[in-house]
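Open the structure in your viewer and keep the selection box handy. We will go from stop to stop, and at each one you will hear what to select and what is there.

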Amino acid sequence: MAAATKLLRKSLGGISQIQQYRNIAKSANSTSNGQRNELFNQERSRQQGAVGRVEKIEVRYLGLPEDVTLVMNNNISTPYNCAQHLSEGLCKRSALALIDGSVPWDMHRPLQESCTLQLLNFNVSDPHLVNKAFWRTCSFMLGAALQRVFKQEANLQLHSFPGPNIKSGSFVHDIVLGVQNWEPTKAEMRAISAEMVKLAAQDFRIERLEVDLDLATEMFKDLRYKSEQLPSIAQQHQNRVTLYRLGEHIDISRGPMVASTRFLGKCTVLAAHKLANEGVSDAFYRVQGVALPAGFALNHFAYGLLEQRAQKLNPARLPNEPFEEQRQMQLS
């Protein structure tokens with residue numbers, strides 16, 4: 001128990017392309033996470049270089065201060081780049097983009113054709129899409145926070161985070177630990193919460209990258225549960241896998257997510273429910289929390305009610321249930 005409870009630390013191309021990635025990663029960094037980041041960087045650069053001749057697209061921005069048509073670069077320019085042409089305030093406030101009135105789009109994801117563009121913040125008249133992206137980002141950030149606070153001897157393995165359900169009252173991340181009797185203390189939950197706040201303060205850009213199954217398999221070869229999940233995910237997405245990164249933390253998610261970790265405001269990680277034993281010494285746990293977007297405030301009593309609700313076991317798909325997206329989107 002002591003090892004787990006002391007939390008705080010003081011794709012295009014074939015086999016030859018994958019072998020090249022392997023050689024680059026091995027020479028750059030001997031750690032698995034370092035290799036994962038190097039592969040991410042190399043694939044992002046390769047995709048950027050593969051754009052070729054730059055084609056122009058028309059992006060019709062709809063919103064304040066006024067509707068305007070922007071001429072941008074296809075497969076290069078992002079909604080954030082569009083916001084840079086409009087105002088500094090839009091760059092700071094915009095958490096998510098909406099393409100052609102119906103498609104939620106990451107702020108830093110290149111646009112792929114002419115379209116209409118709306119920039120969403122948390123004060124829009126219908127915040128459902130941006131709230132859902134925020135909840136998903138909270139789960140993603142929770143995985144990064146857990147990796148930061150657990151010591152190596154706890155044998156932490158990130159499993160997955162189910163699709164966001166705001167009505168459930170909590171964001172979640174399912175993990176496996178090398179102990180079967182972890183009962184976290186309030187101090188440990190505060191330590192994880194504090195790490196979430198640190199991530200927000202660091203203002204990490206949320207990066208998106210789509211890769212093929214071969215590269216994803218190479219990137220996550222050291223992570224048992226990710227490796228097991230990849231074939232099912234790729235099969236349902238034309239042999240492609242969508243990855244997200246904040247800082248050096250990379251995980252699988254269909255997205256979209258908000259533009260940066262700085263959109264996280266008040267945050268509390270409240271519970272870790274044991275779900276099931278895994279093998280002879282490990283166990284599944286569901287870590288849960290609640291958060292508000294930056295700039296939003298609730299009085300102590302109202303926020304306390306949210307905290308009480310967030311402590312109850314979230315009813316999302318369990319990590320040891322069949323990993324089928326048709327039943328429920330397996331990764332948010």
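How many residues lie between β1 and β2 in the hairpin they form, and which residue in the turn has a positive phi? Before you look, keep in mind that this is a predicted model.

**Stop 1: the hairpin**

Select β1, residues 56–61, together with β2, residues 68–73. The hairpin has 6 residues between its strands, and the turn residue with a positive phi, about 155°, is G63. The two strands run antiparallel and are joined by 6 bridges. To see one pairing up close, show R60, which stands opposite T69 in β2.

Stay in the loop between β1 and β2 and pick P65, which is located there. The peptide bond leading into P65 from L64 is cis, with omega near 5°.

Now show the side chains of β1. I57, V59 and Y61 make up its covered face, while K56, E58 and R60 make up the uncovered one. This fits a general pattern: in a regular strand, side chains alternate between the two faces of the sheet.

Next add β5, residues 115–120, which runs parallel to β1 and is joined to it by 3 bridges. Here V59 is the residue to click, as it stands opposite C115 in β5.

**Stop 2: the helix before the hairpin, and the loop after it**

Select α3, residues 32–49. Does its length agree with what its 18 residues should span, or disagree? At 1.5 Å a residue the expected span is 26 Å, and the end C-alpha atoms are 26 Å apart, so the two agree. Several residues of α3 are buried, among them G34, L39, F40 and E43.

Move on to V51, in the loop between α3 and β1. Is V51 buried or partly exposed? Its relative accessible area is 23%, so V51 is partly exposed, given that buried means under 20%. Leaving out residues up to four places away in sequence, V51 touches N74, N75 and I76. The C-alpha atoms of V51 and N75 are separated by 6.9 Å, though the two residues are 24 apart along the chain.

Click N75 itself, in the loop between β2 and α4. N75 has a positive phi, near 65°, although it is a residue other than glycine. With a relative accessible area of 37%, N75 is partly exposed.

D100 is another such residue: its phi is near 50°. Look for D100 in the loop between β3 and β4, where it counts as partly exposed at 41% relative accessibility.

**Stop 3: a four-stranded sheet and its helices**

Select β6, β7, β12 and β11. In that order, these 4 strands form an open sheet with antiparallel pairing. The edge strands are β6 and β11, each pairing on one side only. On average, neighbouring strands are turned by 30° against each other, direction ignored. At the β6 end, 3 bridges join β6 to β7, and L158 stands opposite I175 in β7.

Now add two helices. α7, residues 186–201, lies across β7 and β11 and runs at about 130° to β11. α9, residues 224–235, lies across β6, β7, β11 and β12, at about 25° to β6.

**Stop 4: the cores**

Which residues have the most contacts inside the largest nonpolar core? They are M196 and L264, in a core of 69 residues. Helix α6, residues 128–149, gives the most to this core, with 12 residues. Show M196 and its surroundings: beyond its neighbours within four places in sequence, M196 is in contact with residues including C138, F171, L264 and V269. Another core, of 16 residues, lies apart from the largest one, and L39, F40, L215 and F220 are among its members.

**Stop 5: a three-stranded sheet and a loop**

Select β8, β9 and β10, which form an open sheet in that order with antiparallel pairing. β8 and β9 pair over 6 bridges, and the bridge partner of D212 in β9 is R240.

Finish in the loop between β10 and β11, where you will find S253. S253 is buried, with a relative accessible area of 2%, and its side chain reaches the backbone nitrogen of G255 at 3.1 Å. G255 is in turn joined to P256 by a cis peptide bond, with omega about -5°.

Terms used:
Residues numbered from 1 in each chain as written. Predicted model: local features only at pLDDT ≥ 70, side-chain atom pairs only at ≥ 80, totals over all residues. Heavy atoms only, no water. Buried < 20%, exposed > 50% of the residue type's maximum accessible area, 1.4 Å probe, protein only. Pairing = 2+ DSSP bridges. Expected span 1.5 Å × (residues − 1). Polar contact = N/O pair within 3.5 Å; in protein donor to acceptor, adjacent residues only side chain to side chain. Axes fitted to C-alpha atoms, helices over the stretch in contact; angles between N-to-C directions. Contact = heavy atoms within 4.5 Å. Core = buried A, V, L, I, M, F, W, Y, C linked by side-chain atoms within 4.5 Å.
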